[in-house]
Amino acid sequence: MALTALDRKLLGWSAAYVVSQANIARLLGPTGPKLLATQTAMSARSYRAVLDSMDEAETARFRSHFGPDMVHPIIYAVALCTGAKRLGQLADLSPATRRALYAAPVVAAAADYVENVVDLHLLDHREAITDARVRSISTVSITKWILSLGTLAYLSQGFVRVWAAMATGRRDLSGEASGNI
């Protein structure tokens, strides 16, 4: 099966995502779990405790990830939207499913930007850490994770079904259905 232009675009954006995610993980190093702890904290006390547990080097690592993380949401949103477009070419998706698969990554990326700006602000303005702000930003973070990972899971199972149908001859290599999948 020859790759289409959209397949190549999907592969390129997916590779960019992997490189971007690996770079962020490299920058965070052992402080990665602390980032996740701030994203899921539900009280000012627990959020502050995470920040207070970091020494200067860890705080520098934590801060260093924000630059690349201001580009990362665009990368994963484009990769997921491209995947949704390609899956829509290969499988029958309802209009509502198509809209959801296009909207979820964009909303997740927007949430990621809100999360980054607020977390960076709170890192430098500890007095602004309140229970209401922490619960709000953690809700934004959790929503981001649900939307982005939910989209990825849906696309993954959709592509597996299409590829399985192709492998068993229920779909020809051009993407035309030879039967239901």
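What share of the 181 residues in the chain is buried? In this predicted model, buried residues make up 39% of the chain. The accessible surface amounts to about 9,500 Å², and carbon and sulfur atoms account for 66% of that area. Along the principal axes, the C-alpha atoms occupy a box of roughly 60 × 30 × 20 Å.

The secondary structure consists of seven helices and zero strands, giving the pattern α-α-α-α-α-α-α along the sequence. Of the contacts between residues at least 6 apart in sequence, 78% connect residues at least 24 apart.

The largest pocket encloses about 850 Å³ of space. Its lining comprises 36 residues, and those nearest the pocket centre are Y17, Y76, L80, L149 and L152. Two or more lining residues come from each of the helices α1 (5–28), α2 (32–40), α5 (72–90), α6 (95–124) and α7 (131–167). The greatest contribution is that of α1, which supplies ten residues to the lining. Sorted by class, the lining of the largest pocket contains 21 nonpolar residues, nine polar residues and six charged residues.

Helix α7 also carries K144. This lysine has a relative accessibility of 5% and therefore counts as buried, the cut-off for burial being under 20% relative accessible area. Beyond its neighbours within four places in sequence, K144 makes contact with Q39, Y76, A108, A111, D112 and E115. One of these contacts, Y76, is also among the residues nearest the centre of the largest pocket.

Two aromatic pairs are present in the structure. In the pair formed by F62 and F66, the ring centres are 5.6 Å apart and the planes meet at 85 degrees, an edge-to-face arrangement. Both F62 and F66 are buried. The other pair joins F159 and W163, whose ring centres are separated by 5.5 Å; the angle between their planes is 25 degrees, so this pair is stacked. The limit for stacking is an angle under 30 degrees.

F159 and W163 are both located in helix α7, at a spacing of four residues, or about one turn of the helix. Their relative accessible areas place them in opposite classes: F159, at 9%, is buried, whereas W163, at 51%, is exposed. The value for W163 falls in the exposed class because that class begins over 50%.

Conventions: Residues are numbered from 1 along each chain as its sequence is written. This is a predicted model: local features need pLDDT of at least 70, side-chain atom pairs count only at pLDDT 80 or more; totals for chains, interfaces and linings use all residues. Side-chain values use heavy atoms; hydrogens and water are left out. On a 1 Å grid over the protein atoms alone, a cavity is a set of points where a 1.4 Å probe fits but cannot get out, and a pocket is an open set with protein on both sides within 12 Å along at least five of seven lines; lining residues have an atom within 4 Å of a point. Grid points are joined across faces, edges and corners, and a volume is the space filled by probe spheres set on the points. Ala, Val, Leu, Ile, Met, Phe, Trp, Tyr, Cys and Pro count as nonpolar, Asp, Glu, Lys and Arg as charged, and the others, Gly among them, as polar. Buried means under 20% relative accessible area, exposed over 50%, partly exposed in between (1.4 Å probe, protein chains only). Contact means heavy atoms within 4.5 Å. Accessible areas come from the Shrake-Rupley method with a 1.4 Å probe; for residues, only the protein chains shown count as cover. Rings of Phe, Tyr and Trp (its six-membered ring) pair if their centres lie within 6.5 Å; planes under 30 degrees apart count as stacked, over 60 as edge-to-face and the rest as tilted.
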